[in-house]
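Got the model open and wondering what stands behind the labels? Let's go through some of them, one at a time.

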Amino acid sequence: MEAPQEVLRRAQRRRKRCCISTAVAAATVVLLAIVIPCALLLSDIQPGPTQPAAILLPLYIYPSRNAWEPLFNAVSTNQEVNFTVIVNPDSGPGQSAGPGNDYVSAISRLTAAPNVQTVGYVRTGYGTRDIDTVLRDVDIYSRWSQLANGLAVSGIFFDEAPHDYSQQKQQYMATANQAVKESTGIREPRLIIHNPGTIPDATLDVDSTDVTVVFENSFQEFERKKEALRALSGDRPDYSVMVHSVPTGESIGKLLRDMSREAKYMFLTTADEGYYDHFSSSWATFVDLMRS
Ligand SMILES: *[C@@H]1O[C@H](CO)[C@@H](O)[C@H](O)[C@H]1NC(C)=O
């Protein structure tokens, strides 16, 4: 039979061992609680794009008081980032000669920054919209330069551009492009962007298109299409990629690195609806990461 004292000592040793392992476990939990968020954070402050990149921002927001403030802030605090801003007063330039005073002052303030150029939004209805209406829209943007110096656009963003080839569609887009390149009211470089939102047929090759938006879809879809985008034959400056519905918690830095492999012009947002009618919670992080 053990002496009662021996039993007591053994129990004390057991308690001590138990105490030590509890302390080790607790310390591990605390350490992980610090290390994991730090690692996540670090993975997000690592450089974004691996090659020169620019933001292509669909700014479909009315410039009411303070509405464009997140953009003005981003532009002035990130002067090494280039912004190509798509202005869109009324699903196009609208019917009247000018876009209205709110737009005139907001756009002028925007283009006063050296790292901003604007392009005017024009819908083409996948090559079905009356071409004369399209040309009139281009003409209205071109005349903005006469209303105020800072109002002049530097190009046109043709939304709903066709992705499938037909001779008619090819001709239609070529006519639209020519109007832009010949508009003296549009500033150099008279950047022409086509947005089919997907990779167009290789046969649909419209002369003088500068940039094609080869992807405009959700993050989930981007993960599926990455390989196909990587196989594109053109150079990065020929392409734009726009990703919406980026899940919160997803590494924006990593996504930007993926996107920048295929395209120079980029946009992403965590918004999963009304993607372009507000600045999402990811806006500031996105712009910050574009700086690297
Ligand atoms: C931004 O644009 C300017 C003027 O076009 C150019 O010189 C500069 O290299 C661009 N910066 C980046 C990071 O692409």
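Q: What makes Asp-210 partly exposed in this predicted model?
A: Its relative accessibility is 26%. Buried means under 20% and exposed means over 50%, so 26% lands in between and Asp-210 counts as partly exposed.

Q: And why is Lys-181 called partly exposed?
A: Lys-181 comes out at 27%. That value also sits between the 20% and 50% cut-offs, so partly exposed is the label.

Q: How do you know that Asp-210 forms a salt bridge with Lys-181?
A: Look at the closest N and O atoms: they are 2.8 Å apart. The cut-off is 4 Å between a Lys or Arg side-chain nitrogen and an Asp or Glu carboxyl oxygen, so this pair passes. Asp-210 lies in the loop between strand E5 and strand E6, while Lys-181 is in helix H5, so the bridge ties together parts that are 29 residues apart in sequence. By this rule the count comes to 17 salt bridges.

Q: What makes Glu-223 and Lys-226 a salt bridge?
A: Their closest N and O atoms are 3.1 Å apart, and the limit is 4 Å, so they qualify. Both lie in helix H6, three residues apart, or about one turn of the helix.

Q: Which of the labels, buried or partly exposed, goes to Glu-223, and which to Lys-226?
A: Glu-223 has 33% relative accessibility, so it falls in the partly exposed range between 20% and 50%. Lys-226 has 12%, which is under 20%, so Lys-226 is buried.

Q: How do you know that Asp-258 and Lys-254 meet in a salt bridge?
A: The N to O distance is 3.2 Å, which is within 4 Å, so the pair counts. Both residues belong to helix H7, where they are four residues apart, about one turn of the helix. Asp-258 is buried at 6%, whereas Lys-254 is partly exposed at 41%. Salt bridges that share partners join Glu-223, Lys-226, Lys-254, Asp-258 and Arg-261 into one network.

Q: Why does Thr-270 count as buried?
A: Thr-270 has 17% relative accessibility, and buried means under 20%, so the label holds. You'll find this residue in the loop between strand E8 and helix H8.

Q: What makes the link between Thr-270 and Ser-280 a polar contact?
A: Their side chains are joined at 3.3 Å, which is within the 3.5 Å cut-off for N or O atoms, so the distance fits. Thr-270 also touches other residues, including Ser-245, Val-246 and Thr-248.

Q: Why is the pair of Trp-68 and Tyr-103 called edge-to-face?
A: The centres are 6.0 Å apart, within the 6.5 Å limit, so the rings pair; the planes are at 75°, and over 60 degrees means edge-to-face. Trp-68 is in the loop between strand E1 and helix H2 and Tyr-103 is in helix H3, 35 residues apart. At 2%, Trp-68 is buried, and Tyr-103 is buried at 3%.

Q: How do you know that Phe-267 and Phe-286 are edge-to-face?
A: Their ring centres lie 5.8 Å apart and their planes meet at 85°, so both the 6.5 Å and the 60 degree tests are passed. Phe-267 is in strand E8 and Phe-286 in helix H8, 19 residues apart. Both are buried.

Terms used:
Residues numbered from 1 in each chain as written. Predicted model: local features only at pLDDT ≥ 70, side-chain atom pairs only at ≥ 80, totals over all residues. Heavy atoms only, no water. Helix = DSSP H or I, 4+ residues; strand = E, 2+ residues; numbered from the N terminus. Buried < 20%, exposed > 50% of the residue type's maximum accessible area, 1.4 Å probe, protein only. Polar contact = N/O pair within 3.5 Å; in protein donor to acceptor, adjacent residues only side chain to side chain. Contact = heavy atoms within 4.5 Å. Phe/Tyr/Trp six-rings, centres within 6.5 Å; stacked < 30°, edge-to-face > 60°. Lists of a residue's contacts leave out its neighbours within four places in sequence.
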